[in-house]
Amino acid sequence: MNFKLLGILFVLHYGSCLYPSNSDVVELTPSNFDSLVRKSDDIWIVEFFAPWCGHCKSLAPEYAKAAKGLKGVVKVGAVNADEHNSLGGEFGVRGFPTIKIFGANKRKPEDYNGARTADGLIDAAFKALKAKVNNQMGGKKSSSSGSSDVIELTDDNFDKLVLGSDDLWLVEFYAPWCGHCKNLAPHWAQAATELKGKVKLGALDATVHSIKAQEYGVQGYPTIKYFPSGKKDRHSAQDYDGGRVSQDIVSWALEKATESVPAPEIEQITSESVFKSACVDHPLCVISILPNIYDCQSECRNNYLEILRTMGEKYKKKMWGWLWAEAGSQPELEEALELGGFGYPAMAVISHKKMKYLTLRGSFSSDGINAFLR
């Protein structure tokens, strides 16, 4: 691997846009956003992306496919929020890709939380169109799914959105005529807003989508089920046993979210793909250079790795990438990060987005590393 001058990291600033000029995805910038989106009567789906973001690159073909399918019906645009961070900041963009739907109220766009597929985006577009028509007709929704932050679930999309994701979910099974459901609705919507980006809240009308209601043994309304993060199936569902006001729902969900965050793997740098995965798709990556096996036998090496695992567990909510390499195995990386001059083990933390790194100058111990990372 060639890590010279951190080329593998810093040269990963790809082209400024993921979509070519002949694409049906409209390139949006601070200079045209008002005229094209805010002052338009059209509904817009807008992606805020960063060129270096792996998930953005994976989404691009599906997003372009959706734009082609929605041509003439709903506008589809994209903002390079890494370059135009003022727009991203204005709409609270904290991660990439973030997709927002600008419907009737352009000042309050809805977050898109559906599947990152062309079909999912098109379904959301038609839902936004229907909501706009209902709004113009004076119609109102009374169920929990009327909130922009509560995801509407159906028999058709349940498995894809809930079971097919790694996210933690709370799902309400409700009936439109149920008084307790109506009382819960504003609290469910408020909790969905407060938990946005951490826990997903969904709602399924069990009187319409009875297949899923029967599958999960729903006998009364509202029934709330909890689906933990990570790989899951229908047997993963657990009963929600918390309170029915927004504060209780949020507290309960956050406690579960804390429990379910897995400790990161401390991966050895064996390929460029391992390096990219840890340092490009995470806000920070922690790189340790451990002594050569001839200088530090297996017990010694394992002690250092255990320190790293402990630190990974401690900082797991930060969602950092963690890597290690044997001294001398990646000389250009060591040189680029100024590691090894103080001996081994050594450590550096890299921010790909900011194009910066810092090296540990203190002791390679739990206390020393903890102070450094803090």
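Contact here means heavy atoms within 4.5 Å. In this predicted model, isoleucine 307 touches Phe364, Ser365, Ser366 and Ile369 under that criterion, with residues up to four places away in sequence not counted. Isoleucine 307 belongs to helix α11. Its relative accessible area is 18%, and since buried means under 20%, the residue is buried. Contacts do not extend to everything that follows in the chain: the C-alpha atom of histidine 352, 45 residues apart from isoleucine 307 along the chain, is separated from that of isoleucine 307 by 24 Å.

Two of the residues touched by isoleucine 307, Ser366 and Ile369, also appear in the packing of two helices. Helix α11 covers residues 298-314 and helix α13 covers residues 366-373; their axes come within 10 Å and cross at roughly 40°. That angle makes α11 oblique to α13. The crossing of the two helices is right-handed. On the α11 side the contact is made by Ile307, Leu308, Met311 and Lys314, and on the α13 side by Ser366, Ile369 and Asn370. Sorted by class, the contact of α11 with α13 has 4 nonpolar residues, 2 polar and 1 charged.

The disulfides come next. A search of the whole structure finds 2 of them. With bonded cysteines counted along the chain, the pattern is 1-2, 3-4. One disulfide joins cysteine 279 to cysteine 285, with an S to S distance of 2.1 Å. The angle about the S-S bond is 90°, and the link of cysteine 279 and cysteine 285 is right-handed. Both cysteine 279 and cysteine 285 are buried.

The other disulfide is formed by cysteine 296 and cysteine 300, whose sulfur atoms are 1.7 Å apart. The link of cysteine 296 and cysteine 300 is left-handed, with -105° about the S-S bond. Cysteine 296 has 2% relative accessibility and therefore counts as buried. Cysteine 300, with a relative accessible area of 27%, is partly exposed. Two further cysteines can be placed on the same scale: cysteine 53 is buried at a relative accessible area of 4%, and cysteine 178 is buried at 5%.

Tryptophan 320 leads back to the first of these disulfides. The C-alpha atoms of tryptophan 320 and cysteine 279 are separated by 8.3 Å, although the two residues are 41 residues apart along the chain. Tryptophan 320 lies in the loop between α11 and β13, the latter being residues 321-326. At 12% relative accessibility, tryptophan 320 counts as buried. Leaving aside neighbours within four places in sequence, tryptophan 320 is in contact with Pro264, His282, Pro283, Leu284, Val286, Tyr315 and Leu373.

Another region to examine is strand β6 and the loop after it. Isoleucine 151 lies in strand β6 and, at 10% relative accessibility, counts as buried. Not counting residues up to four places away in sequence, isoleucine 151 touches Asn113, Leu161, Trp169, Lys200, Leu201, Gly202 and Ala203. For one of these partners, leucine 161, the C-alpha separation from isoleucine 151 is 9.3 Å, at 10 residues apart along the chain. Threonine 154 is found in the loop between β6 (151-153) and α6 (158-163). Threonine 154 is buried, with a relative accessible area of 17%. With residues up to four places away in sequence again left out, threonine 154 touches Leu204, His209 and Lys212.

The backbone remains. Most residues other than glycine have a negative phi, and most peptide bonds are trans. Where does the backbone contain a cis peptide bond with omega of about -10°? A cis bond of that kind joins phenylalanine 96 and proline 97. Proline 97 lies in the loop between α4 (85-90) and β4 (98-102). The peptide bond from tyrosine 221 to proline 222 is also cis, with omega near -10°. Proline 222 has its place in the loop between α8 (210-215) and β9 (223-227).

Glutamate 338 concerns phi instead: its phi is near 60°, a positive value in a residue other than glycine. Glutamate 338 is found in the loop between α12 (331-336) and β14 (346-351). With a relative accessible area of 48%, glutamate 338 is partly exposed.

Key: Residues are numbered from 1 along each chain as its sequence is written. This is a predicted model: local features need pLDDT of at least 70, side-chain atom pairs count only at pLDDT 80 or more; totals for chains, interfaces and linings use all residues. Side-chain values use heavy atoms; hydrogens and water are left out. Axes are lines fitted to C-alpha atoms, for helices over the stretch in contact, and angles run from 0 to 180 degrees between N-to-C directions. Helices (H or I, at least four residues) and strands (E, at least two) are DSSP runs, numbered from the N terminus. Angles under 35 degrees count as roughly parallel, over 145 as roughly antiparallel, 65 to 115 as roughly perpendicular and the rest as oblique. A crossing is left-handed if the near helix is turned anticlockwise from the far one by less than a right angle, and right-handed if clockwise. Ala, Val, Leu, Ile, Met, Phe, Trp, Tyr, Cys and Pro count as nonpolar, Asp, Glu, Lys and Arg as charged, and the others, Gly among them, as polar. A disulfide is a pair of cysteine sulfur atoms within 2.5 Å. Buried means under 20% relative accessible area, exposed over 50%, partly exposed in between (1.4 Å probe, protein chains only).
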